[in-house]
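Student: Could you please walk me through one part of this model, with what lines the largest pocket as our topic?

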Amino acid sequence: MSAPSICVVGSINLDMNAYVERFPRPGETLHGRRFTTGYGGKGANQAVMAARLGAKVSMVGRIGGDIFGHDMRRNLESEGICTDFVRESKGVSSGVAVITIDEQGQNQIIVIPGANGLVTAADVEEAQAAITGAQVLLCQMEVPMEANLAALRIARNAGVTTIFNSAPVSSEVPEEVYRLSDIFCPNESEAELLTGVPVHTLDDARLAASMIVTRGARAALITLGAQGCLYVTADQEEHVPAPRVKAVDTTGAGDAFVGSLAHFLAAGLPVLEAIARANAIAAISVQHPGTQASYPRRADLPETLLR
């Protein structure tokens, strides 16, 4: 049986992680407990998670002409990810994420796009074969929307399943993106920014999800942290709970979920089973520090999650 095939159009970053007792107030200087660096970017994270589960993954994006960029390309290749469509932007810095993590495992993140902001529709069109040859396309909001739209159009025309992860929400999402998304996937805060509905309860999430479906998405999938997620279509609604665990670091958990979801859907699992397994993978990731460093590999997972 051939491996599930996934194409990711998205960002590639270096993460700089500062671990603190609590978040500083404006103008306050705190002593941190620990500092680490790691590989990140929502696109790269999702690609790595899918690859670690056994998917054949192609990455479409940009890195800077700096040492960070060279290291990030090597990291993707070491995970078995095809980087034929990862372009280098000379004279531009690679993307960087500055992340602060408190003792409860919550995080605050500042993203500097760098070369990620230069991904073009032409870059995506050059990768058309990788998109049409995949079973699932993943897009997020850390590269220009023109690139996402180009990828979504190619995938829809080819019958490829599309997942649009509306993170981080930094601008309005064009109506066409909703219409081209088989699964439109925000978290609670992103759903609120997109719909104007504060998402504090399941009923709130139901209302926000129904608005997303009304805009044209075939399904809305709102992630709810420890509460799991809510899946809504025009004629179906399911709350899929998450396993109860003690979180050490929630950084990258959403990407672990989305990358796992893409893998399980590409492997042919029914959508609700794919969501449940992706919840389980994300729950494993939050029990370990770091972003990609916290993502489990296939060999480390119980067979019940894989068969």
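Tutor: Happily; we will go from the pocket to its lining, and then to the helix that gives the most to that lining.

This is a predicted model, in which local features need pLDDT of at least 70 and side-chain atom pairs count only at pLDDT 80 or more, while totals for chains, interfaces and linings use all residues. Residues are numbered from 1 along each chain as its sequence is written, and side-chain values use heavy atoms, leaving out hydrogens and water.

The largest pocket holds about 1,300 Å³ of space. (A pocket is an open set of points on a 1 Å grid over the protein atoms alone, where a 1.4 Å probe fits and protein lies on both sides within 12 Å along at least five of seven lines; lining residues have an atom within 4 Å of a point. The volume is the space filled by probe spheres set on the points, which are joined across faces, edges and corners.) Of its 49 lining residues, Asn107, Asn187, Thr250, Ala253 and Gly254 are the closest to the centre. The lining has 23 nonpolar, 19 polar and seven charged residues. (Ala, Val, Leu, Ile, Met, Phe, Trp, Tyr, Cys and Pro count as nonpolar; Asp, Glu, Lys and Arg as charged; the others, including Gly, as polar.)

Among the elements that each supply at least two lining residues are α1 (42-52), α9 (253-266) and α10 (271-285). (Helices are DSSP runs of H or I with at least four residues, numbered from the N terminus.) With five residues, α9 gives the most to the lining.

Now follow α9 to its partners. It packs against α1 at an angle of about 50°, with the axes 7 Å apart. (Axes are lines fitted to C-alpha atoms over the stretch in contact, and angles run from 0 to 180 degrees between N-to-C directions.) α1 and α9 are therefore oblique to each other, that is, neither under 35 degrees, nor over 145, nor 65 to 115. Their contact (heavy atoms within 4.5 Å) includes Lys42 and Met49 of α1 and Asp255 and His263 of α9.

The axes of α9 and α10 cross at roughly 145° and come within 8 Å. Here Phe257 and Phe264 of α9 and Ile275 and Arg277 of α10 are among the contact residues, which divide into twelve nonpolar, three polar and one charged.
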